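This report describes the architecture of a single protein chain, moving from one of its helices to one of its sheets. The sequence and the structure are shown first.

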Amino acid sequence: MTGPSEPSDARGPARGTVSRIRELLRPHRRTVGLALALTILACLLNLPVPFLVQGLVDRVVTGGRWSDLPWLAAGLLAVFGAQAGLALANTLVVGRVGQAVVRDLRHRLYDRLQRLDLAYFDRTPTGGIISRLMDDVGVLQGLITSQTVTIVTDLGTTLAVTGLLMARNGRLTLVVLAFVPLYAVNFRYFMHRIRSNSAVVRAKMDIVFGLLKEKLDGTQVVKACASEPAEVADFAGQLDDAHGPRVRDNTLRAAFSSLCVAISGAGIAAVFAAGALEVVHGRMTPGGVVSTAALAALLFGPVARLADLASVFEQAAASVDRLGEILDLEPTVVGPASPLAIGRARGLVEFDRVGFGYEPGQPVLWDVRLRIEPGMKVALVGPTGCGKSTLVNLLMRFYDPTWGEVRLDGLPLDRLALDDLRRQVGVVLQEPVVFRQSLADNIRYGRPDASDAEVEAAARSALVHDFATALPEGYATIIGEGGHKLSQGERQRLAIARAICKDPALVVLDEATSSLDAAGEALIQEALANLLRGRTALVIAHRLATVMDAGLIVVMDGGLVVQKGTHEQLLADRHGLYRRLCAAQFGEPAPAAAGGDPGELPAWPMPAPAGGGMLDRSSVS
Ligand SMILES: Nc1ncnc2c1ncn2[C@@H]1O[C@H](COP(=O)(O)OP(=O)(O)OP(=O)(O)O)[C@@H](O)[C@H]1O
């Protein structure tokens, strides 16, 4: 993928821009056709102007036929009035198309984003994504709405006027056309500079958007650390960083446009000078010269604008490249063409010699072999970074194993439809996610067709019902960003209710590490017990005290499963990692007598420390 700050090849992507715009306009071809018809009409209306001007000069000014003045003036007025009317109609029509294209494009981008796998989001900053959806789409909208009309009008005008000029006076036409190559030189000089600078501006704005999102999301931490002044200074620094390239963008465009204007000014002056000679030699009337100069102005205007447009087009091409980074990307984790039907899974999970690395050549899981029987509660424990979450990510098929196979009910995961697989799994994350919608809709998020009664049943099971009914509008209360604020414990129970409402065969639990008081903790444990009942559960355990009853505790270290067994079995291994983890969390037990039979096992967990019954995570994550 092209890095955000690398300027792309100046010609290739520009061709992509044309076909991309054509593709975007295709669904609106009728409206575009109407706009084109209006444009052609507007172009044709340019043609009588030089004749009317010539008539004014030759008949009225030099010929003294004042009786011709009213109809010549009325003719000019009618032409300009009709052009204004057509321009208005055209702007309205093209504006509609532009808005529709933007809506379609944002929709397609969001659709693609939803289908891309987590790996894309791992490597792409959120700010870059938002800036593409808002900023780059806006640039393209500008090109389509304000510029396509101009392009077509100007192209039409250029052709028609060149024809007319040729018919009137070949020598003056050559004078006019001699100036056109200057536009080409001007264009060549500025275009690639404008384009690469545009790419730099966009990359800088990605960083600004990213910073903005990150810092607004983390407002609480910013305030808690009294870092507001530092944040303001940091943001100002980022804006300053983007300021230089933005100013350069402006300068390049201004220089380019001004040179275009200068070239057309020089061209018209040359037409007048050459025209004067034609009059002196009796080959043209003064009216003929004035009207030819008017025609030249009609030609230089569009040529200058066309060249100017090229700069807008170059900027849009940079945006199209960036949008293409999303639109052309195919997800790597996809469902099979003919998936196996699974119905409701029994919950048998197998990791068969699984290895995986987020980056090529850097495995974080090496050779995981694990069989989880239906209905079993399995705890994953181990030092931080040992690969617990990664294992769960593979079970959800957020990523595919680099080698080995993961199976559900004996079926390889990559033979199942993705939504079928993910429907089987309820996830409760460490940091519960709440969306800005009603409490009821938050609960039914994983199963949108759940009835109100089912939502309430899930809420009761997860001990959400009591606080739900106390909210200002009960289950209809809007929560999440800008809505009613829930406490940490309430949000965790809401996440559990969401998982229960989905009624999954499997539960993945990334056990919360935040400190709740004893009462809050007890409520969560009760809600969790309701969620886990009768389901296969995979619990990433940070506090060993909560998983001692697990049917199987899997101890991981450095991407490998190093121990497996029940709490008692694992403790019995005096040199095992599990025992060391327990010692780190609960404190060293009294030295065991020599000989060590199970009766000598320490009475872990030790009594909870004061202040809420939470045990220290220490080195265990
Ligand atoms: N998205 C990612 N991209 C690249 N590397 C990653 C990614 N996620 C995790 N890792 C790396 O993979 C390794 C295993 O991480 P993982 O999150 O699975 O560990 P964990 O045991 O769940 O840790 P913790 O208990 O601290 O959450 C770590 O070295 C981590 O830095």
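## A kinked helix

In α10, a kink of about 30° is located at H243, shortly before the proline P245. The model in which this bend appears is a predicted one. Helix α10 covers residues 228–280, that is 53 residues, and its first and last C-alpha atoms are separated by 76 Å, close to the 78 Å expected at 1.5 Å a residue. Just beyond its end comes G282, which has a positive phi, near 70°.

Several residues of α10 are buried, namely F256, C260, I263, S264, G267, V271 and G275. In an α-helix there are 3.6 residues a turn, so residues three or four places apart point the same way. L277 also belongs to helix α10, but this residue counts as partly exposed, because 13 C-beta neighbours lie inside 10 Å of it, whereas a buried residue would need 20 or more. Between L277 and V289 there are 12 positions in sequence, and their C-alpha atoms are 9.9 Å apart in space.

## Annotated spans

Under "transmembrane region", an unreviewed UniProt entry lists residues 32–51, 71–93, 172–191 and 254–277. For two of these spans, the distance between the end C-alpha atoms and the content of helix and strand are as follows.

| Residues | End-to-end C-alpha distance | Helix | Strand |
|---|---|---|---|
| 71–93 | 32 Å | 100% | 0% |
| 254–277 | 35 Å | 100% | 0% |

## The mixed sheet

Elsewhere in the chain, six strands make up an open sheet of mixed pairing, in which the order is β6-β7-β8-β3-β9-β10. The edges are taken by β6 (425–428) and β10 (560–565), each of which has a single partner strand, so that one side of each is left without a neighbour in the sheet. Neighbouring strands of this sheet are turned against each other by 20° on average, direction ignored. Helix α20 (residues 577–586) packs on the sheet, where it touches β3, β9 and β10, and its direction makes about 90° with that of β9.

Which strands flank β3 in the order of the sheet? They are β8 and β9. With strand β8 (residues 536–540), β3 pairs in the parallel sense over four bridges, and within that pairing A379 has V539 as its bridge partner. With strand β9 (residues 552–557), β3 likewise pairs in the parallel sense over four bridges, and here L380 stands opposite V554. Strand β3 itself, which runs over residues 377–381, is mostly covered, since four of its five residues are buried. In a regular strand, side chains alternate between the two faces of the sheet.

## The chain as a whole

The helix and the sheet described above belong to a protein chain with 20 helices and 10 strands. Of its 621 residues, 34% count as buried. Among the contacts in the chain with a separation of 6 or more, 80% are accounted for by residues 24 or more positions apart.

Terms used:
Residues numbered from 1 in each chain as written. UniProt positions renumbered as here; feature names shortened; annotations may be inferred. Helix = DSSP H or I, 4+ residues; strand = E, 2+ residues; numbered from the N terminus. Buried ≥ 20, exposed ≤ 12 C-beta atoms within 10 Å, placed from the backbone. Contact = placed C-beta atoms within 7 Å. Expected span 1.5 Å × (residues − 1). Bend = angle between axes of the 7 residues up to and from the residue. Pairing = 2+ DSSP bridges. Axes fitted to C-alpha atoms, helices over the stretch in contact; angles between N-to-C directions.
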